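Welcome, and please take a moment to look over the chain below. We will then walk through it together, one part at a time.

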Amino acid sequence: MIDTHTHPYLEEFADGGAEAIDRAITAGVAHFILPNVDSSTVVPMESLHSRFPESTSMALGLHPTEVREDWKPIVEVMEKRLEEGGFVAVGEVGIDLYWDKTYRTQQIEAFTRQLRIADRLNLPVIIHCREGLDEVLACIEAVNPKTILIFHSFTGNPADVTRIRKVCDPMFGINGVVTFKNAASLREALPEIGISHILLETDAPYLAPVPHRGKRNEPAFVTYTCEKVAEVLGLSVKEVEAATDSNAKATFRL
């Protein structure tokens with residue numbers, strides 16, 4: 001399996017994430033996409049990648065909750081790093097108006113800018129969208145990027161899938177939320193999405209799946225998401241593993 005979105009380099013993992021990666025590899029997870037969050041998380045991310053260069057790939061972007069008035073020079077530095085190579089995606093980037101709408105305008109500007117960077121560099125975009133679907137879709141329509149888009153940690157319903165596909169044809173990152181009792185609408189959305197457009201992810205250390213809900217998430221727990229997706233779609237775990245691995249390899253050019 002491939003965990004297409006995980007942050008084991010964050011401070012929740014005291015050893016920089018190495019033991020979590022080792023546990024996941026033992027559990028059968030073969031590769032990990034590591035998106036940074038802000039400027040301060042780039043070095044820890046790169047450090048973990050240097051310890052597992054064959055098993056990890058990195059993405060770079062400014063997370064929407066980290067966008068402030070000074071976002072432009074931060075994104076300019078990231079753009080130069082992306083131009084130098086070594087990253088498989090731009091992300092995670094997007095719109096998050098769940099906690100605070102203060103920087104809504106700046107989030108829109110920063111997301112639009114990073115979409116343009118990704119399109120110019122022909123890199124896929126890992127999109128974080130929380131209470132901001134209107135804004136995200138408006139930005140995508142404005143830029144009309146030709147590169148692959150990934151709706152990371154997708155928790156929407158079938159109507160959301162239909163609405164998104166009127167604007168673009170993205171991949172959908174499915175994580176532990178799909179195992180939650182209150183996520184019936186997301187499970188209903190899986191057949192609408194289809195296995196050919198699903199990526200497995202954990203978003204560790206967040207959103208641990210049942211039976212670990214409420215605890216620190218780990219990349220190894222992507223197995224629970226794989227099992228739930230298989231159950232919902234009426235497929236075997238091996239079929240889901242093979243299909244989502246193929247999707248991830250094609251999306252991130254692994």
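Where is Pro205 found? In this predicted model, Pro205 sits in the loop that links S8 with helix H8 (222-233). The peptide bond between Ala204 and Pro205 is cis, and its omega is about 10°. Keep that bond in mind, for we will meet another cis bond further on.

Let us turn to the sheet. Eight strands form an open sheet with parallel pairing, and their order is S1-S2-S3-S4-S5-S6-S7-S8. At its edges lie strand S1 (2-3) and strand S8 (198-200), each of which pairs on one side only. As a general point, the strands of a sheet pair through backbone hydrogen bonds, and the pairing can be parallel or antiparallel.

Strand S3 is a good place to pause. With strand S2 (residues 31-35), S3 pairs in the parallel sense over four bridges. One partnership to look for joins Leu34 to Met58, its bridge partner in S3. Between these strands the chain travels from S2 through helix H2 (residues 42-51) to S3, and this β-α-β crossover is right-handed. S3 also pairs with strand S4 (residues 89-96), in the parallel sense and over two bridges. There, Ala59 has Ala89 of S4 as its bridge partner.

Is S3 mostly covered or mostly open? It is mostly covered, as five of its five residues are buried. Thr56, Met58 and Leu60 point one way from the strand, whereas Ser57 and Ala59 point the other way, and all of them are buried.

Strand S4 holds the other cis bond mentioned earlier. The peptide bond from Gly91 to Glu92 is cis, with omega near 10°, and Glu92 lies in S4.

Now look at a residue in a helix. Ile25 belongs to helix H1 (residues 18-27). Leaving aside residues up to four places away in sequence, Ile25 touches Phe32, Phe52 and Ser55. Along the chain, Ile25 and Met1 are 24 residues apart, and their C-alpha atoms are separated by 9.3 Å. Why does Ile25 count as partly exposed? Its relative accessible area is 37%, and the partly exposed class lies between the 20% limit for buried and the 50% limit for exposed.

The next stop is the interior. In soluble globular proteins, nonpolar side chains tend to be buried together. Here the largest nonpolar core has 66 residues, and those with the most contacts inside it are Phe111, Ile140, Phe151, Phe154 and Ile174. Helix H5 (residues 133-143) gives the most to this core, with six residues. Apart from it lies another core of eleven residues, including Val88, Ala89, Ala248 and Phe252. You have met Ala89 already, as the bridge partner of Ala59.

Phe151 deserves a closer look. Residues up to four places away in sequence are again not counted, and among those Phe151 touches are Leu133, Val136, Leu137 and Ile140. Its contacts also include Pro170, Met171, Phe172 and Gly173.

Helices H6 and H7 come next. Helix H7 (residues 184-193) lies across strand S7 (171-174) and S8, and runs at about 145° to S7. The axes of helix H6 (residues 158-165) and H7 come within 7 Å and cross at roughly 40°. Why is H6 called oblique to H7? The crossing angle of roughly 40° is neither under 35 degrees, which would count as roughly parallel, nor within the 65 to 115 range of roughly perpendicular, so H6 is oblique to H7. On the H6 side, the contact is made by Pro158, Val161, Thr162 and Arg165. On the H7 side, Ser185, Glu188, Ala189, Glu192 and Ile193 take part.

We finish with two residues that have a positive phi. Glu131 is not a glycine, yet its phi is positive, at about 55°. You will find Glu131 in the loop between strand S5 (125-130) and H5. Glu131 is exposed because its relative accessible area of 58% is over the 50% limit. Arg253 also has a positive phi, near 55°, in a residue other than glycine. Arg253 is placed in the segment after helix H9 (237-252). With a relative accessible area of 53%, Arg253 is exposed.

Technical notes:
Residues numbered from 1 in each chain as written. Predicted model: local features only at pLDDT ≥ 70, side-chain atom pairs only at ≥ 80, totals over all residues. Heavy atoms only, no water. Pairing = 2+ DSSP bridges. Contact = heavy atoms within 4.5 Å. Axes fitted to C-alpha atoms, helices over the stretch in contact; angles between N-to-C directions. Core = buried A, V, L, I, M, F, W, Y, C linked by side-chain atoms within 4.5 Å. Buried < 20%, exposed > 50% of the residue type's maximum accessible area, 1.4 Å probe, protein only. Right-handed = clockwise from strand over helix to strand, strands pointing away. Parallel < 35°, antiparallel > 145°, perpendicular 65-115°, else oblique.
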